[in-house]
Structure formats: structure tokens, C-alpha cells
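Let's take a walk through this structure together, starting at one loop and working inward. Keep the view open as you read.

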Amino acid sequence: MLLEQERRDVCLTARAIAQHPGTAPGEAGTVSVRSGDLVAVTPHGVPLDQIQPQDCPVMSLDDRMLEGRRDPAAETTLHMAVHRHAADHGRESLALVNAFTTDTTAVSSVLPELPPIHHRAAGLGGAISVTPYMPYGTGDIADQAVKALKGRDAALLANHGGLALGRNLEHAMENFRLLDWLCTTYLRARQIGQPRVLSEDELAEARQRDTYGWAGPDPFLY
């Protein structure tokens, strides 16, 4: 079976999405992972918590289905566009998670971008772009997603939900959870008032601090 381990990982990640708080029921998102020139993706017509490895289509980068007992999910067009773009820019492997949670959908339906109001936003690249609204499963939304992900590991798809990248599916799911948490935090902060947005300098400092652990007592305190 082609990409046997990757297809198992797709199933595990699909189940994690189904169990994530606020996720829409049924086919609530799409998962994919690329290894070399092959991509394993979630199938169409199967609830995320019921997918089996044999269900998962294996695609070539030129959009040919090579294996799998079910057709690819509708959002495979978007995923394949991102995988091709990453391959063209030298990324040997890549994983994607997109899902429809309450808070990613809410933010993507209102804001032009998600402002960085917490230092953890630096890990995704800072402010998160929201694409223009496009029908799902089309080349238009795929093109917009590629643009929105430039310099970022996450994006919001207008009136649709969130999308996150990672070096593997575990990392992509971790980034999606962070994106969802940032959306939740922003929505709660807006109930109180206007959140303070971190500057590019503050985000750059957060990225620098992420490269090391505790550096000892702060000398400016003594």
C-alpha cells in the first residue's frame, strides 16, 4: 500500500479534528501529507472519525489519483495547490490541516485578518490573513490560500474556517490548535474592549526568545 504510514497518520489526525472542541460534525475538514511526489489525503463522503487508511486516496503532484478506495475530499484542490507550491520552493515534506471550528469560522466571517494579540502568534508568522470568499473545492480558493500562506504557517478562509501547515501532521495539527486558540482569545478580548495588537518588533522579540530557554535572571532587575 502506497504511503501506508502517512495514510494512518491522516486517519489519526482526522479523528483529532473530529474530537477538537467546536468542530462541525461530519466532514468537518480535510487533512493531507506529502512525502516526495506523493500526497495522502482524506476521502470524500466519510465522517472524519470513521476514515480508514484504505479509504485515503494517494495523489501525485499532477493531480492523478494513484490508490485508495474512495474519491478525494472536495478541498483536495486547495491542498494540492499548496503542496505543489511547497515542492517548487524546496520543501521536501509538508502536512496540511484545514477544519471548520466555531471560532475560526466566526473570525473568518468578519475580519480581514486576525491581529496578533498574543506572542504565540509569532510562531505562525504574525497577523493571519483571511482570504476573500470563494466557493470551496475550486481553483480560486486554492490560489487565494497559497497567497495567504506566504510567510505564514496558517491562514483563515473567509466564511469557511482555518488552515495550518506543518513539517508533519502532528506539527500541522498543533499549529491548527494554536490558530483556533488565537481566534478564541481574540473573540473573548473583543467582548471586553479593543485588544492591544503586538507590533512587528514585539513579535520579532518573541521569535528570538523562542530560540532559547531560560537565560538566567534579568540583569536589569538588579
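**From a loop to the core**

This is a predicted model, and our starting point is N159, which counts as partly exposed because its relative accessibility is 45%. You'll find N159 in the loop between β8 and β9. Its backbone has a little twist worth spotting: phi is positive, at about 55°, although N159 is not a glycine. Most residues other than glycine have a negative phi.

N159 has company in this. D63 also has a positive phi, near 75°, and it isn't a glycine either. Look for D63 in the loop between β3 (58-60) and β4 (65-67). With 42% relative accessibility, D63 counts as partly exposed.

Now zoom out for a moment. The chain has six helices and nine strands. Its radius of gyration is 18 Å, close to the 17 Å that the globule rule gives for 222 residues, so the chain is as compact as a globular protein of that length. Along its principal axes, the C-alpha trace spans about 65 × 35 × 30 Å. Of the 222 residues, 46% count as buried. Take the contacts with a separation of 6 or more, and 64% of them come from residues 24 or more positions apart. As for the outside, the chain exposes about 11300 Å², and carbon and sulfur atoms supply 50% of that.

So what's inside? The largest nonpolar core has 39 residues, and L114, L156 and L179 are those with the most contacts inside it. At least two residues each come from α1 (4-19), β1 (29-35), β5 (93-99), β7 (128-131), β8 (154-157) and α5. The top giver is α5, with nine residues. Click on L156 to get a feel for the packing: leaving out residues up to four places away in sequence, it touches a list of residues including L114, I128, V130, L179 and C183. There's also a second, separate core of 16 residues, and A86, L94, A155 and L163 are among them.

Helix α5 deserves a second look, since it covers residues 169-192 and also holds N175. Is N175 buried or exposed? It's buried, because its relative accessible area is 6%, under the 20% cut-off. What does its side chain reach? The side chain of N175 gets to the backbone oxygen of L165 at 2.7 Å. Leaving aside neighbours within four places in sequence, N175 is in contact with L124, D153, A164, L165 and G166.

Another helix to check is α4 (residues 139-148), whose buried residues are I141, A142, Q144, A145, V146 and A148. Their cover includes α2 (76-88), β7, β8 and β9 (161-166).

Last stop: the cysteines. How many disulfides does a search of the whole structure find? Zero. Take C11, which is buried, with a relative accessible area of 5%. The closest cysteine sulfur to its own is in C56, 3.9 Å away, and that is too far for a bond because a disulfide needs the two sulfur atoms within 2.5 Å. C183, which we met as one of the residues touching L156, counts as buried too, at 0% relative accessibility.

Notes: Residues numbered from 1 in each chain as written. Predicted model: local features only at pLDDT ≥ 70, side-chain atom pairs only at ≥ 80, totals over all residues. Heavy atoms only, no water. Helix = DSSP H or I, 4+ residues; strand = E, 2+ residues; numbered from the N terminus. Buried < 20%, exposed > 50% of the residue type's maximum accessible area, 1.4 Å probe, protein only. Polar contact = N/O pair within 3.5 Å; in protein donor to acceptor, adjacent residues only side chain to side chain. Contact = heavy atoms within 4.5 Å. Core = buried A, V, L, I, M, F, W, Y, C linked by side-chain atoms within 4.5 Å. Rg over C-alpha atoms; globule rule 2.2 N^0.38 Å. Areas by Shrake-Rupley, 256 points an atom, 1.4 Å probe, with all protein chains shown as cover.
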